[in-house]
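Visitor: I have a structure on my screen and I am new to this. Could you show me how to read it?

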Amino acid sequence: MRFILKITVLGLGLGLGAASPQKGGPSAWASESKAPAAVETHEEKPLHGGHFGDAGNLYHYEVVLEPNRAVRLYLYDETAQPMKVTGIPARWTLSPDDPNPVRGEFQAGEQGEFYRAEVPRPAGPVLHLKVEARRKGEWVPMEFFIPLQ
């Protein structure tokens with residue numbers, strides 16, 4: 001009898017990890033957990049020129065800042081494939097570490113391809129934004145630290 005043993009090495013990381021802006025775009029930082037490197041076979045990158053992050057390998061998020069105060073949030077599945085957002089609640093928190101953070105809900109875009117929300121711009125040089133979407137009754141959080149220019 002033959003047995004095959006498959007070993008997956010996990011890359012563990014805590015704290016701030018680099019999010020992947022589109023080539024040539026501004027840099028961003030997002031706190032994230034590292035997924036098993038041996039299993040990753042899909043390409044993880046933003047499709048809309050935003051800031052991309054892996055939320056515990058449950059969802060992937062892409063945050064796009066519009067010239068006005070609007071923020072677009074794109075949702076990707078665990079394999080980094082774009083998802084329709086219709087019927088999936090999502091919310092945001094501006095400066096979540098502040099004693100009185102500003103919170104709001106995202107609204108699905110007309111075609112269900114993304115969420116959109118009006119988010120106040122902070123006075124400082126960095127937008128610290130926590131985004132969350134529901135999955136199987138639980139919120140899946142991801143924090144972005146986006147330099148403002």
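Guide: We will go from strands to rings to charges. Keep in mind that this is a predicted model.

Visitor: Let us begin with the sheet. What holds strands together in general?

Guide: Strands of a sheet pair through backbone hydrogen bonds, and the pairing is either parallel or antiparallel. Here, an open sheet has 5 strands in the order S3-S4-S5-S9-S8. The pairing is antiparallel.

Visitor: Which strands stand at the edges?

Guide: Strand S3 (51–55) and S8 do. Each has a single partner strand, so one side of each is left without a neighbour in the sheet.

Visitor: How many residues of S3 are buried?

Guide: 5 of its 5 residues are buried, so count S3 as mostly covered by the cut-off of under 20% relative accessible area. Now look at the directions. His51, Gly53 and Ala55 point one way from S3, while Phe52 and Asp54 point the other way.

Visitor: How does S3 join S4?

Guide: S3 and strand S4 (residues 59–65) pair in the antiparallel sense over 5 bridges. His51 stands opposite Val63 in S4. The two strands form a hairpin with 3 residues between them. In the turn, Gly56 has a positive phi of about 65°.

Visitor: How many bridges join S5 to S9?

Guide: There are 4, and the two strands run antiparallel. Across this pairing, Arg72 stands opposite Arg116 in S9. Remember both arginines. They come back later.

Visitor: Now the rings. How many aromatic pairs are there?

Guide: A search of the whole structure finds 3. Take Tyr59 and Tyr61, among them. Their ring centres are 6.0 Å apart and their planes stand at 55°, so the pair is tilted.

Visitor: Are those two tyrosines buried or exposed?

Guide: Buried. Tyr59 has a relative accessible area of 3%, and Tyr61 has 0%.

Visitor: What about another pair?

Guide: Tyr74 and Phe114 are also tilted, at 5.4 Å centre to centre and 55° between the planes. This pair links distant parts of the chain, 40 residues apart. Tyr74 is in strand S5 (residues 70–76). Phe114 is in the loop between strand S8 (107–108) and strand S9 (115–118). Tyr74 is buried at 6% relative accessibility, whereas Phe114 is partly exposed at 21%.

Visitor: Which charged residues sit over rings?

Guide: Arg91 is one of them. Its charged end sits over the ring of Trp139, 3.9 Å from the centre. Arg135 lies over the face of Tyr59, at 5.6 Å from the ring centre.

Visitor: Now the salt bridges. How many are found?

Guide: The whole structure has 5. Start with Glu66, which is buried at 14% relative accessibility. Glu66 forms a salt bridge with Arg72, the closest N and O atoms being 2.8 Å apart. Glu66 also meets Arg116 in a salt bridge, at 2.7 Å from N to O. That second pair links distant parts of the chain. Glu66 is in the loop between S4 and S5, and Arg116 is in strand S9, 50 residues apart. Arg116 is partly exposed, with a relative accessible area of 32%.

Visitor: Which residues are linked in a network of salt bridges?

Guide: Glu66, Arg72, Arg116 and Glu118 are. So here are the two arginines again, which stand opposite each other across S5 and S9.

Visitor: You placed Arg135 over a ring. Which residue does Arg135 meet in a salt bridge?

Guide: Glu78, at 3.1 Å from N to O. Glu78 is in the loop between S5 and S6, and Arg135 is in strand S10 (residues 126–135), 57 residues apart. Glu78 is partly exposed at 32%. Arg135 is partly exposed too, at 21%.

Visitor: And which charged residue is buried yet has no salt bridge?

Guide: Asp77. The nearest side chain of opposite charge is Arg135, 7.3 Å away. A salt bridge needs a nitrogen within 4 Å of a carboxyl oxygen, so that distance does not qualify. Asp77 is in the loop between S5 and strand S6 (90–94).

Visitor: What does Asp77 touch?

Guide: Leu58, His60 and Met83, not counting residues up to four places away in sequence.

Note on methods: Residues are numbered from 1 along each chain as its sequence is written. This is a predicted model: local features need pLDDT of at least 70, side-chain atom pairs count only at pLDDT 80 or more; totals for chains, interfaces and linings use all residues. Side-chain values use heavy atoms; hydrogens and water are left out. Rings of Phe, Tyr and Trp (its six-membered ring) pair if their centres lie within 6.5 Å; planes under 30 degrees apart count as stacked, over 60 as edge-to-face and the rest as tilted. Buried means under 20% relative accessible area, exposed over 50%, partly exposed in between (1.4 Å probe, protein chains only). A charge sits over a ring if NZ of Lys or CZ of Arg is within 6 Å of the ring centre and within 35 degrees of the ring normal. Lys and Arg count as positive and Asp and Glu as negative; His and the chain ends are not counted. Contact means heavy atoms within 4.5 Å. Two strands pair if DSSP finds at least two bridges between them.
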